[in-house]
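Me: I should like to go through this model by question and answer, beginning with contacts and continuing to salt bridges and helix packing. Please reason through each reply and close on the value or name requested.

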2 protein chains.
Amino acid sequence: MNTIDKNLHAKFDGETAEIDAGTTQPFAKSRKVYIEGSRPDIRVPFREISLSDTPSMFGAGKDEKNPPVMVYDTSGPYTDPTISIDIRNGLPAMRAKWIEERNDTEQLDGPSSEFGQQRKTDPALTAMRFNLTRKPRRAKAGMNVSQMHYARKGIITPEMEYIAIRENQRRENMSELLQTQHKGHDFGASIPKVITPEFVRSEVALGRAIIPLNINHPEIEPMIIGRNFLVKINANIGNSALGSSITEEVEKMVWGTRWGGDTVMDLSTGKNIHETREWIIRNSPVPIGTVPIYQALEKVNGKAEELTWEIFRDTLIEQAEQGVDYFTIHAGVRLAYIPMTAKRMTGIVSRGGSIMAKWCLAHHKESFLYEHFEDICEIMKAYDVSFSLGDGLRPGSIYDANDEAQFAELKTLGELTQIAWKHDVQCMIEGPGHVPMHLIKENMELQLEHCGEAPFYTLGPLTTDIAPGYDHITSGIGAAMIGWYGCAMLCYVTPKEHLGLPDKEDVRVGIITYKIAAHAADLAKGHPGAQIRDNALSKARFEFRWEDQFNLGLDPEKAKEFHDETLPQEGAKQAHFCSMCGPHFCSMKISQDVRDYAAEQGVSEQEALQKGMQEKAIEFVKKGSEVYQKV
Amino acid sequence: MNTIDKNLHAKFDGETAEIDAGTTQPFAKSRKVYIEGSRPDIRVPFREISLSDTPSMFGAGKDEKNPPVMVYDTSGPYTDPTISIDIRNGLPAMRAKWIEERNDTEQLDGPSSEFGQQRKTDPALTAMRFNLTRKPRRAKAGMNVSQMHYARKGIITPEMEYIAIRENQRRENMSELLQTQHKGHDFGASIPKVITPEFVRSEVALGRAIIPLNINHPEIEPMIIGRNFLVKINANIGNSALGSSITEEVEKMVWGTRWGGDTVMDLSTGKNIHETREWIIRNSPVPIGTVPIYQALEKVNGKAEELTWEIFRDTLIEQAEQGVDYFTIHAGVRLAYIPMTAKRMTGIVSRGGSIMAKWCLAHHKESFLYEHFEDICEIMKAYDVSFSLGDGLRPGSIYDANDEAQFAELKTLGELTQIAWKHDVQCMIEGPGHVPMHLIKENMELQLEHCGEAPFYTLGPLTTDIAPGYDHITSGIGAAMIGWYGCAMLCYVTPKEHLGLPDKEDVRVGIITYKIAAHAADLAKGHPGAQIRDNALSKARFEFRWEDQFNLGLDPEKAKEFHDETLPQEGAKQAHFCSMCGPHFCSMKISQDVRDYAAEQGVSEQEALQKGMQEKAIEFVKKGSEVYQKV
């Protein structure tokens, strides 16, 4: 039994294999609700946050109800107390029926990859192997099972309907006040007022959005990535040679979706990554992405020059049959572009990019990923794996931003997108990296131009290099901006970037930072309903509904903890002032006095002033307008 | 002895009154250096970060020296080990001679304000009073002692020369590689290649920049705020009715300047704010701003309607004679604008704004600040206090952004700017607040238009309201953007915003976040030399000079701490890989292999490839290119 094995079993001694309670417990005043679609097995999850009443002093003389607010929920069954979780069983295969019904896939006898077979039969791995009884599926001969393929045939799949309900967030139930929002500036996006299943279909058909979901990942809750939908975020997890166990990775994944990760990339590079991945996928309600070249490299003991197309191909099939939803493939790193990086400050910083560069130089040959791109497409469409075309030549420093190598590769990624689309294979494009603010827009514009509006998926970008330890922030700035300009998904960066492996707290901070960036982008684009949560929270803030203010926030626990550091008493949660200013200085309070006074007089302040009713002003002084509620 | 008093004395029992060693100890590998100007008493401080050599494997066959990097230093004498600090004595009055030389001020017998006199003679305050033997100064009758007045007369003051040296950061000593940077996009700013004393003078004369320094704050190290200079940040400190002591506030101020606060606002609202302020100013190397109306309100026991011009006037004089460098004055909150806030989600959120609104409504009269604006100018120019025209009607939520009330007030602030300038009084303009990304630019554009290019000084803005506990980030995004668009100073927001009072750690995080925002803005504007630190850090990163990477960062301690969490061994600081990828996966390493190979062959990779020298590729494989240094 190796260390990972031991860890695994140490955790699994109990009746059921439970992960930390803190990782799965529902948020305060939140409950899981489902909206049903056109058939009973389309049940779209949301988190419903219930709110307290507006006190009469802020309402029209009496307490007013505040309807609950629904928010997009990435946390899956983990936050549904009616579902019992046992990570040894994985999540329910919610989507299995939809896949079977289409009657275009077949069940295999077992893994068809050489590596998959070998791992399945290796007795040394028994203890750590996820016990999946279900066999892998693959498209029947000659069939294409990608959502893009269906979309182009005019078929609206249950997945598409599910997504439409999910994106709309049932905002029609909210008050007019909460639905009010600024007109956005969307840089030419085409965001409709209501997301219909047909709109989802047409965006996927056009290649402007992707639905990453492998037929071998039926546990997934479908989601979409595209410029005309809510901006999404990705959280990276993964062990390296130096750290972490299988259960830690599963827990990190669950933890990541709890805080709002829309997809998770498993970037493991250590031993047993096949087994780790199986555990992650079986327990993941969100799409899982990988970089298959990392594992291929493990198979040749880290010697890039010994990589072959055959090894890579077997790895793709191995992972596709496990259920990986999207593959990062660095097929744009062409031989001719590598010398363009010689004058860089920081060379090639993408791991995949540098592996391929090393291979190309060693063999003095064109990249086998580029040469075999159509072969790769054949695999992708047999399982509906989406491309995430890797930016192997992305800049690793402000100095290297927007250089010749980067944009040469981007152009090639555009050519490859067209090939993927020829095969009806879903495709998104990865982007930088490290870019000063004023050069970010060019990235988005060139990506749209070269890649035919395929979704853009960027890492940050970091807007300065001078703050190691705070690169979630240097990059959160860039992420918000590129999200506004049209980037569809933002890959998070944690505070540990460049320095070490993120722990749970780093993952949480990274995700919240990126939820902020994505949401700020939605607001700026004028995404319908985006402002509801801001409005609800601002209203709660103005009315001193402290608990509501915490609960509507992205991190209710942190907000409450911060508040309680200064005012720990329970009574302070009802206080009509806060610790920043004390009871005499609350500007919110004074604003309210202004409104109260006007309301008492039965006129708006506007009228009161316009009529020049100075006597009313005198009354106001006489009354002293001291309506503080003492705690 | 009250609580504050006790705290103070508990701290001052020792031989000298020292603040926490962690607050003052110099950063690793950093030393304080001074550049002398045209006269020996112009000595401009910098922090010089020394770097290790580039190892031969990255250099041209031998170790290469990396010259030290100079950075702007706001930390004052505290980080100069040759200066002994005793906060009971305050800092040396470095600028006293320059003020005296001008021969346009006179020493008073003592405070001329009623309140100042009262506090000075109150025996109950003896124990907590700062023991200042120096008398306050004031302009001689009919004189104007503002830097703007000198600038308009064509006089280059020592302060202006000091600032020119400080802004240039002696970048001419750096290598061409490090000086290389992207052409910026500055939205019509006029940033010269070299900041000359004459340029400083002309910007101040035009009103496009201010030098906030009161003649009664000779301890200050002069700095400038303007669109054509480095973007600055402000840190707020201050106790409230609910917390913190005098020494805590002094320590917070020193702590704030340590991490990079360019100015500090003392927003205290509790008791003894006169005495607290004196301690802060006497020990502050950076400009101190206040909001005098807070103290005026204390004098009328929190009853806004009892405020009078006489009380406010006495407060201005009281504070001006202590040495406050800029006053936030909410003179733009006019009676007619108040009703415009009635339909807001969050009313009036500026404390100063709400106090004035309450006063205006209570009396149904125009604001006494607006009516007495010229009287205020007379006081400002007698001490060289700069205006920070407060945005009392700034939005307190995304919902309220860019509304009628906000922009009506901004226009009035523009009118008041013209009046201030008529008196040669320096003036900057405060801005919001809470603004979604796409509405930020309008704020900057209207401010430039209405306020004749007077410097803009904004709080954030927060780009979404849904993340209490993370508002340093929601606002850091907005701050970076508005800094890029032309905002001259960014007021920081800490993680505790909306929730509680910041502690030291919050202050540090808030400041670093805002240093990031300001620096990202400098890079995007293409400020000369801005990229040097990024380049130096990126080079260190590429060359695995871990310690240099930490030390060049904004928070070396945090970076080191994060690195050490995963790889604590001392040897890991020399490792040519890091914990993220492990030794076999380092893309930086692979990039270096590419370069090394090319260097060995005596040709660039470009040539190697262009000549199609396949045999060289074969050699590369044979050598195995395994040059890792095992730890």
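Reply: Contact here means that heavy atoms lie within 4.5 Å. The model under discussion is a predicted one.

Me: Among contacts in chain A between residues at least 6 apart in sequence, what percentage join residues at least 24 apart?
Reply: Contacts are taken as heavy atoms within 4.5 Å. Chain A contains 25 helices and 15 strands. Of its contacts between residues at least 6 apart in sequence, the part that joins residues at least 24 apart is 76%.

Me: What percentage of the residues of chain A count as buried?
Reply: A residue is buried when its relative accessible area is under 20%. Chain A has 631 residues, and the portion that counts as buried is 69%.

Me: How many salt bridges are there over all chains?
Reply: Side chains of opposite charge can pair when their charged atoms come close. The rule applied asks for a side-chain nitrogen of Lys or Arg within 4 Å of a carboxyl oxygen of Asp or Glu. Over all chains, the count by this rule is 85.

Me: Which residue forms a salt bridge with A:Arg31, and is that partner, A:Glu48, buried or exposed?
Reply: The closest N and O atoms of A:Arg31 and A:Glu48 are 2.9 Å apart, and the two residues form a salt bridge. This pair links distant parts of the chain, 17 residues apart, with A:Arg31 in strand β1 (residues 30–36) of chain A and A:Glu48 in strand β2 (residues 43–49) of chain A. The relative accessibility of A:Glu48 is 11%, so the partner, A:Glu48, counts as buried.

Me: How many residues apart in sequence are the parts that B:Glu48 and B:Arg31 tie together?
Reply: A salt bridge joins the side chains of B:Glu48 and B:Arg31, at 2.9 Å from N to O. Because B:Glu48 belongs to strand β2 (residues 43–49) of chain B and B:Arg31 to strand β1 (residues 30–36) of chain B, the pair ties together parts whose separation in sequence is 17 residues.

Me: Of A:Arg508 and A:Glu505, which is buried?
Reply: These side chains meet in a salt bridge of 3.4 Å, N to O. Both residues lie in helix α19 (residues 504–525) of chain A, three residues apart, about one turn of the helix. A:Glu505 has 33% relative accessibility and therefore counts as partly exposed. With a relative accessible area of 8%, the buried residue is A:Arg508.

Me: Are α16(B) and α17(B) roughly parallel or roughly antiparallel?
Reply: Two packed helices are described by the angle between their axes and the distance between the axes. Helix α16 (residues 404–422) of chain B packs against helix α17 (residues 440–450) of chain B with axes 8 Å apart, at an angle of about 30°. Their crossing is right-handed. Angles under 35 degrees count as roughly parallel, so the description of α16(B) and α17(B) is roughly parallel.

Me: How many nonpolar residues belong to the contact of α12(B) with α15(B)?
Reply: Helix α12 (residues 309–322) of chain B and helix α15 (residues 373–383) of chain B have axes 10 Å apart and an angle of about 10°, which means that α12(B) is roughly parallel to α15(B). Residues of α12(B), including B:Trp309 and B:Phe312, meet residues of α15(B), among them B:Ile376 and B:Tyr383. The contact has three charged residues and no polar ones, and its nonpolar residues number eight.

Technical notes:
Residues numbered from 1 in each chain as written. Chains lettered and ligands numbered in written order. Predicted model: local features only at pLDDT ≥ 70, side-chain atom pairs only at ≥ 80, totals over all residues. Heavy atoms only, no water. Helix = DSSP H or I, 4+ residues; strand = E, 2+ residues; numbered from the N terminus. Buried < 20%, exposed > 50% of the residue type's maximum accessible area, 1.4 Å probe, protein only. Axes fitted to C-alpha atoms, helices over the stretch in contact; angles between N-to-C directions. Parallel < 35°, antiparallel > 145°, perpendicular 65-115°, else oblique. Left-handed = near helix turned anticlockwise from the far one by under 90°. Nonpolar A, V, L, I, M, F, W, Y, C, P; charged D, E, K, R; others polar.
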